[in-house]
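Me: I have a structure open and keep meeting labels such as buried, core and edge strand. Could you walk me through what earns each label here?

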2 protein chains.
Amino acid sequence: MPEFRQDPVAGYWVAISRERSDRPIDFARAVHVSKSSAGCPFCPGNEGATPPELLRYLKEDGSGWRLRVIPNKYPALTTEQGGQHEVIVDSFLHASSFGELPVCAGRDLLSAAADRFRELKRDARFRYVQLFKNNGPGSGASLEHPHSQLMALRVVPIQVGIELEGALRYYDRDRACVFCDLIERAARAGRMVWEDEQVAVLAPQAPRFAFETWIMPRRHVSHFAASGAELLDAAGAALHRTLKRMEELLHQPPYNFLLHTAPLHNAASASYHWHIEILPRMSGIGGFEFGTGCYINTVSPEESAARLRVNP
Amino acid sequence: MPEFRQDPVAGYWVAISRERSDRPIDFARAVHVSKSSAGCPFCPGNEGATPPELLRYLKEDGSGWRLRVIPNKYPALTTEQGGQHEVIVDSFLHASSFGELPVCAGRDLLSAAADRFRELKRDARFRYVQLFKNNGPGSGASLEHPHSQLMALRVVPIQVGIELEGALRYYDRDRACVFCDLIERAARAGRMVWEDEQVAVLAPQAPRFAFETWIMPRRHVSHFAASGAELLDAAGAALHRTLKRMEELLHQPPYNFLLHTAPLHNAASASYHWHIEILPRMSGIGGFEFGTGCYINTVSPEESAARLRVNP
């Protein structure tokens, strides 16, 4: 029986309808055309194909870089026009997805992002930095070599504003961080995928997409860039582990992830809590979602968490 | 040079960046697997494959139906769970897109939708009806035979709430309907695609997608179902004409359209104005859009309107 659930932070509604997964489908999925690394602008040896780098992490043996951050050669926004668009080349290895990289790629990615957040914060024009990844065809990605993106913005984006307000309303009413409470609720409801001392990986109560998964620090912290190295390491490892598991279980689905954090120049907040949202994109979104801001999902978060757990 | 524009109603930001259309792309587009009408559940002769119909329009010669409205066999929501999900089979003709149907399909579609709005309004539990269409692979559509969908909801959806509030704020400040003003602004800015006495077809000032196009009544009217037959006919013909032109110019792109109207039981409103938003889906949306609620578009609305005009 379909049911209608509301996200307690952003307020969107989700129809959970297993029955819809039985409907017939006339169309084929987008094709993954795997590329060789020969002409890849993100592979070692082709550094000249990209603008000069903003940050690099070297391999421990000094034999070259293992991660680079570069300006986006085809920026959606330039600094003059209100933004700064950067690409994180997650690894020197050319793979067809992030989960195929070694686990250190997850740690390096969040560490490099935090480095860039701290640097971009020094430019007082920027109010928010959006970290995100598009992986695979249908995800919005255009290149195969694993990479993530940073967009520094002079505005606090509308979706972040909605979350900040929702979290503040919850805090004013319940004197608690809604995200801290969501971790407790997920554990009670059988929606925890995996956890350690530092982070919780869970299926949210109103997932927009089948197998949507969130990663949160277990201890309250509002700003991503204020996280210590131990937390960043644990979150990076959890991110890699979760995506690798998702890629195996769902057969290389297209997906996005995005980081939500308190804005750069806001004071530390008791109501907001940084987190990563992973959105598998196996089903399309269409006129209903754009018209309403509601979503339709054929997999309940309880089922999704059970199937994502590596050792159920 | 990229620029950042804000939608004056809903408040989302759009980066217009022509440069990004030059970026290299590793992935192939989704494949359109055209189907014969043999096993199509929406074709005449297969009526038994769908639930009993809620509405039918007959051909003028009485030789069968030309449009049917049926309950969705795989509903995202059932009446018990807060909704009612219906399918409008736009035509008895099996075509691979809406634009291939004759123009009367546009008139029939909006007329049938208005009939269903009036009927669904009699159920006091429903507060909003969302009319939408997903056309082609990558649009969220699952079947090829041209069809539209209606979802009656017990809540006013979050996206409609955002528009109602934005329009009311504008009205309180300027004592004018923002949508009426947008028609004037589009005419002055060279963003009008086509217009007649009844309707305006225009590129909005902050389009989320390349070639996004809106259709609006020229005279202010808040509720879709309060429109007279003459307006519905003109809007239906404009909808068909615009989609046909878009399909030709852009080579059968996937697209959605959605209708936004004042909620069922609201009084007639001076600030809100029903309209149809057509969203071509040639580029994906990804982590940036989900994270921020902002969009990136590589075609300016001025260029899009110029190219969509049939006789420039």
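Reply: Happy to! This is a predicted model, and a good place to begin is Ala235(B). Setting aside neighbours within four places in sequence, Ala235(B) is in contact with Leu110(B), Gln198(B), Val199(B), Ile215(B) and Pro217(B).

Me: What makes those residues contacts of Ala235(B)?

Reply: The test is a C-beta to C-beta distance within 7 Å, and Leu110(B), Gln198(B), Val199(B), Ile215(B) and Pro217(B) pass it with Ala235(B). Ala235(B) also belongs to the largest nonpolar core, which has 85 residues. Along with Ile88(B), Ala113(B), Val129(B), Val199(B), Leu202(B) and Ile215(B), Ala235(B) touches the most other members. A second, separate core has 84 residues, including Phe98(A), Leu232(A), Leu264(A) and Phe290(B).

Me: Why is His251(B) called exposed, and what is Gln252(A) called?

Reply: Exposed needs 12 or fewer other C-beta atoms within 10 Å. His251(B) has 8, so His251(B) is exposed. Gln252(A) has 16, which lies between the limits of 12 and 20, so Gln252(A) is partly exposed.

Me: What sets the backbone of these two residues apart?

Reply: Each has a positive phi without being a glycine: near 55° for Gln252(A) and about 60° for His251(B). Gln252(A) is in the loop between α4 and β11 of chain A, and His251(B) is in the loop between α4 and β11 of chain B.

Me: How do you know that the buried residues of α6(A) line one face of the helix?

Reply: The buried residues in α6(A), which spans 301-308, are Pro301(A), Ser304(A), Ala305(A) and Leu308(A). Looking down the axis of α6(A), these buried residues fall within an arc of 95°, so they line one face. The general rule fits nicely: an α-helix has 3.6 residues a turn, so residues three or four places apart point the same way. The cover over the buried residues of α6(A) includes β8, β9, β10 and α4 of chain A.

Me: Where does α4(A) lie?

Reply: α4(A) lies across β8, β9, β10, β11 and β12 of chain A, and runs at about 165° to β10(A). Those strands are part of an open, antiparallel sheet of 10 strands, ordered β3-β4-β5-β7-β6-β11-β12-β10-β9-β8 in chain A.

Me: What makes β3(A) and β8(A) edge strands?

Reply: Each of them pairs on one side only. For a pair, at least two bridges are needed; β5(A) and β7(A) in this sheet are joined by seven and run antiparallel. There, Gln84(A) stands opposite Ala152(A).

Me: Which strands stand at the edges of the three-stranded sheet in chain A?

Reply: That open sheet has the order β1-β2-β13, with mixed pairing. β1(A) and β13(A) each have a single partner strand, so one side of each is left without a neighbour in the sheet. Neighbouring strands here are turned by 30° against each other on average, direction ignored. β1(A) and β2(A) run antiparallel with four bridges, and Glu3(A) stands opposite Ile16(A).

Me: How many residues does each chain bring to the contact between A and B?

Reply: Chain A brings 66 residues and chain B brings 66 residues. On the side of chain B, α5(B) gives the most, with five residues. By class, that side of chain B has 34 nonpolar, 22 polar and 10 charged residues.

Definitions and conventions: Residues numbered from 1 in each chain as written. Chains lettered and ligands numbered in written order. Predicted model: local features only at pLDDT ≥ 70, side-chain atom pairs only at ≥ 80, totals over all residues. Contact = placed C-beta atoms within 7 Å. Helix = DSSP H or I, 4+ residues; strand = E, 2+ residues; numbered from the N terminus. Nonpolar A, V, L, I, M, F, W, Y, C, P; charged D, E, K, R; others polar. Arc of directions from axis to C-beta. Core = buried A, V, L, I, M, F, W, Y, C linked by C-beta atoms within 7 Å. Axes fitted to C-alpha atoms, helices over the stretch in contact; angles between N-to-C directions.
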